[in-house]
Amino acid sequence: MKTHNFSAGPCILPGQVFEEASQALIDFDNLGLSVVEISHRSKNFVAVMNEAVALVKELLSVPETHEVVFLQGGASLQFAMVAFNFLSEAGTAEYLDTGAWAFKAHKEAAGLGSATIVASSKDKNYNFIPKGYTINPEADYFHCTSNNTIYGTQMKSFPETRVPVICDMSSDIFSRTVDVSKFDLIYAGAQKNLGPAGATMVIVRKDALGKSGRYIPTMLKYQTHIDKGSMFNTPPVFSVYVSMLTLRWLKENGGVEAIESRNEAKAALLYNEIDRNSLFVGTAAVEDRSTMNACFLLNDEAHKAAFDDLVKAAKINGINGHRDVGGYRASMYNALSLESVQVLVNCMKELEKTHA
Ligand SMILES: *Cc1c(COP(=O)(O)O)cnc(C)c1O
């Protein structure tokens, strides 16, 4: 019996990708060598990196003005890299505080220079996305988090501003269409919707670089990695390889537009049940609900043991809520099937039948 993996990250990837990746761990390209033991400068691995970059560009329609690199250090290192590369000594940066990750991103910029929080939903435990704030038109950049993994909120639109927009898209990259030309930089840790932990994908507008006027440590400088095609040092070869396979799978399955409608259908199925079922309540503001991470609580904690038993018997994994929110969080990344969401919904219906 299949395990339905609703984990928030590292997350589910397509079964076909796990099969191909396990084969390549033993024998890659009929070389008699594993993909993790060949030189990252061999033509076989260079082809992997080139295909991964090309697929990102194709699937997200990345314009010529932007470049794609694969880095290490997770999205968390991007919090600091963004500040080093974009925040000038005399300038200021603006941050939208929509969750713990956004808050941590702001901390790194504030440690280096001047960084303001333009709006925050912290006093409501980040259960909504602030709107109607104004961005300082002189700011070096505006930073936001498109999807708040922990709280299950998602930005449905991005502010129209002439200030460069930088976005942490770790937990919804490739889940919906996005106009890359509107962003100076997009970053995403691979482990939420792309591949195994270890790689971080960055899309950056080339002519936005080189303006902070700071000394930037070599490894923290985007230009270093652009100039060397993500091979300045040894890249996270396995994570890049599996990410490439996931992107191939996405392309074979109709690309981002097709996955977006499947993701909307999955989210609608679950949110409809959360709203319909008298035993459950959602935690996020309805208009800001994430299609990737759905957070919900039991109205009566007394039903917890019964629901947890149902979920366990159905072989559902990873739906315990984050400690900051409690309750449950069902993450419905690209590779999760509608059928898996239906299994969870059936458990909720069964609980209502037996306990309401
Ligand atoms: C998980 C997550 C991070 C942290 O990612 P790491 O790769 O572990 O550093 C940052 N931002 C968002 C939105 C996340 O979901």
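Ile203 touches Val56, Leu60, Val62, His66, Glu67, Val68, Val180, Asp184, Leu185 and Ile186, leaving aside residues up to four places away in sequence. The model is predicted. Ile203 is also among the residues with the most contacts inside the largest nonpolar core. The points below cover the cores, Val62, the buried strands and a surface patch.

**Nonpolar cores**

- The largest nonpolar core has 56 residues.
- Val56, Leu60, Phe70, Phe174, Met201, Ile203 and Tyr241 have the most contacts inside this core.
- Helix 6 (residues 237-252) gives the core its largest share, 9 residues.
- A second, separate core holds 28 residues, including Tyr328, Leu336, Val345 and Leu351.

**Val62**

- Val62 sits in the loop between helix 2 (43-59) and strand 2 (66-71).
- Val62 has a relative accessible area of 13%. Buried means under 20%, so Val62 counts as buried.
- Beyond four places in sequence, Val62 touches Val56, Lys57, Val68, Val180 and Ile203.
- Val62 and Val180 are 118 residues apart in sequence, yet their C-alpha atoms are 5.9 Å apart in space.

**Strand 3 and its partners**

- Strand 3 (residues 92-97) is largely enclosed by the rest of the structure, because 6 of its 6 residues are buried.
- In a regular strand, side chains alternate between the two faces of the sheet.
- Thr92, Glu94 and Leu96 point one way from strand 3, while Ala93, Tyr95 and Asp97 point the other way. All of them are buried.
- Strand 3 pairs with strand 4 (residues 114-120) in the parallel sense, over 6 bridges.
- Thr92 has Ser114 as its bridge partner in strand 4.
- Strand 3 also pairs with strand 5 in the parallel sense, over 3 bridges.
- Glu94 has Phe142 as its bridge partner in strand 5.

**Strand 5**

- Strand 5 (residues 141-145) has 5 of its 5 residues buried, so the rest of the structure largely encloses it.
- Tyr141, His143 and Thr145 lie on one side of strand 5, with Phe142 and Cys144 on the other. Both faces are covered.
- Strand 5 runs parallel to strand 8, and 4 bridges join them.
- Across that pairing, His143 stands opposite Ile166 in strand 8.

**Strand 9 and its partners**

- Strand 9 (residues 185-189) is mostly covered, with 5 of its 5 residues buried.
- One side of strand 9 carries Leu185, Tyr187 and Gly189, and the other carries Ile186 and Ala188.
- Strand 8 (residues 165-168) pairs with strand 9 in the parallel sense over 3 bridges. Asp168 stands opposite Tyr187 in strand 9.
- Strand 10 (residues 200-205) runs antiparallel to strand 9, and 5 bridges join the two.
- In strand 10, Val202 is the bridge partner of Tyr187.
- Leu185 and Ile186 of strand 9 are also among the residues that Ile203 touches.

**Surface patch**

- Leu25, Ile26 and Val36 make a nonpolar surface patch of about 280 Å².
- Ile26 lies in helix 1 (residues 15-26).
- Ile26 has 65% relative accessibility. Exposed means over 50%, so Ile26 counts as exposed.

Technical notes:
Residues numbered from 1 in each chain as written. Predicted model: local features only at pLDDT ≥ 70, side-chain atom pairs only at ≥ 80, totals over all residues. Heavy atoms only, no water. Patch = residues over 30% accessible without salt bridge, like charges linked within 9 Å, V, L, I, M, F, W, Y side chains within 5 Å. Areas by Shrake-Rupley, 256 points an atom, 1.4 Å probe, with all protein chains shown as cover. Salt bridge = Lys/Arg side-chain N within 4 Å of Asp/Glu carboxyl O. Helix = DSSP H or I, 4+ residues; strand = E, 2+ residues; numbered from the N terminus. Buried < 20%, exposed > 50% of the residue type's maximum accessible area, 1.4 Å probe, protein only. Core = buried A, V, L, I, M, F, W, Y, C linked by side-chain atoms within 4.5 Å. Contact = heavy atoms within 4.5 Å. Pairing = 2+ DSSP bridges.
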